[in-house]
Amino acid sequence: MSYQLIEFSVEAGVATIAFNRPERRNAMSDEMRAEFVSALETVARDKAIKALVLTGRGNAFCAGGDISGMKRRLAAPQGEVAFNGWSRQQGVHHVQSFLLGLPKPTIAAVNGAAAGLGADTALACDFVMGTERSKFTWSYIKRGLIPDGGGLYFLPRRVGLARAKELIFTGRVVEADEALALGIVDRKVASAELLPAAQAWAAELAQGSPTALALGKKILNETFEHSAHDIFSLGSQAQAICYTSTEHRDAVAAFLAQSASKD
């Protein structure tokens, strides 16, 4: 499909998706969400794409949900509010789950404010890179809401339960240096270097076996929900698949040939 509200490009195996509503600080409308899902589906199925960088155009990464959706919610008949909200949540959760489970390394290159759903979306990626302009806020409480884009799941895993409660209960802004210290941001670079640095990091992460990366990521995403015994079981199944992969067989053959040449 053609994109109007995001930008999508691929270079040297690294896809870049940029939210492109700078006049709205890249707030997530239903239409932008549909384009985002389409681009993610392309990333997932294209074997030539090895990793993804997610960023925003303008001065913000993503300012959260679009205000037009809030207006429609208030204007809806009382008897339709709950079901309309439930339906919307299904769309939001589909995107966040898709991003979380994407079988390739993902990096959020946070170029500015990541608020509400925008902050949740950044943390749905495997890694977060920021700059001196990056800031995060789980500001749902200021609208009488709870995080609905995965923040209740992602944030405690990043910063611990007590700190996550404090950030969600207050909705306060976390500036770049604090975000780095808390573990919300994994790496911080200068603003001018953000996108090339994120793309270079993505290319580095993508050097490994796509099979091993996909299987390892899936299990790691479930680690806190399982016992050690469960993880051993999941790991043994995944390893059996890795044993049959072309990447493993080629790597072992090359290693054995190198060892033989030294004898």
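In this predicted model, E225 is partly exposed, with a relative accessible area of 41%. Its side chain does not stand alone: E225 forms a salt bridge with R157, and the closest N and O atoms of the two lie 2.2 Å apart. This pair ties together distant parts of the chain, since E225 sits in the loop between α9 (210–221) and α10 (228–243), while R157 belongs to helix α5 (residues 151–159), 68 residues apart. Like its partner, R157 counts as partly exposed, here at 36% relative accessibility, a value that falls between the cut-offs of 20% and 50%.

R157 has a second contact to look for in the structure. This arginine lies over the face of Y153, at 3.6 Å from the ring centre. R157 can therefore be followed in two directions, to the carboxyl group of E225 and to the ring of Y153. Another arginine is placed over an aromatic ring as well: R187 lies over the face of W201, at 3.8 Å from the ring centre.

How many salt bridges does the model contain? The count comes to twelve. In general, side chains of opposite charge can pair when their charged atoms come close. One of the salt bridges joins D30 and R33, with a distance of 3.0 Å from N to O. Both residues lie in helix α1 (residues 30–45), three residues apart, which is about one turn of the helix. The two partners have contrasting surroundings. D30 counts as partly exposed because its relative accessibility is 43%, whereas R33 counts as buried because its relative accessibility is 8%, under the 20% cut-off.

A further salt bridge is formed by E178 and R172, whose closest N and O atoms are 2.7 Å apart. E178 is partly exposed, with a relative accessible area of 28%, and R172 is also partly exposed, at 24%. This pair belongs to a wider arrangement: R163, E166, R172 and E178 are linked in a network of salt bridges. A reader who finds E178 in the structure can thus use R172 as a step towards R163 and E166.

The next topic is the aromatic rings. Six aromatic pairs are counted in the model. In one of them, the rings of F19 and F61 have their centres 5.7 Å apart and their planes at 70°, so the pair is edge-to-face; the cut-off for that label is an angle over 60 degrees. The two phenylalanines come from distant parts of the chain, F19 from strand β2 (residues 14–19) and F61 from strand β4 (residues 60–62), 42 residues apart. Are these residues buried or exposed? F19 counts as buried because its relative accessibility is 0%, and F61 is likewise buried at 0%. The pair is also part of a group, as F19, F36 and F61 form one aromatic cluster.

A second ring pair shows another geometry. The rings of F136 and W138 have their centres 6.4 Å apart and their planes at 15°, so this pair is stacked; here the angle is under the 30 degrees required for that label. F136 counts as buried at 0% relative accessibility, and W138 is buried too, with a relative accessible area of 0%.

Notes
Residues are numbered from 1 along each chain as its sequence is written. This is a predicted model: local features need pLDDT of at least 70, side-chain atom pairs count only at pLDDT 80 or more; totals for chains, interfaces and linings use all residues. Side-chain values use heavy atoms; hydrogens and water are left out. Rings of Phe, Tyr and Trp (its six-membered ring) pair if their centres lie within 6.5 Å; planes under 30 degrees apart count as stacked, over 60 as edge-to-face and the rest as tilted. Helices (H or I, at least four residues) and strands (E, at least two) are DSSP runs, numbered from the N terminus. Buried means under 20% relative accessible area, exposed over 50%, partly exposed in between (1.4 Å probe, protein chains only). A charge sits over a ring if NZ of Lys or CZ of Arg is within 6 Å of the ring centre and within 35 degrees of the ring normal. A salt bridge is a side-chain nitrogen of Lys or Arg within 4 Å of a carboxyl oxygen of Asp or Glu.
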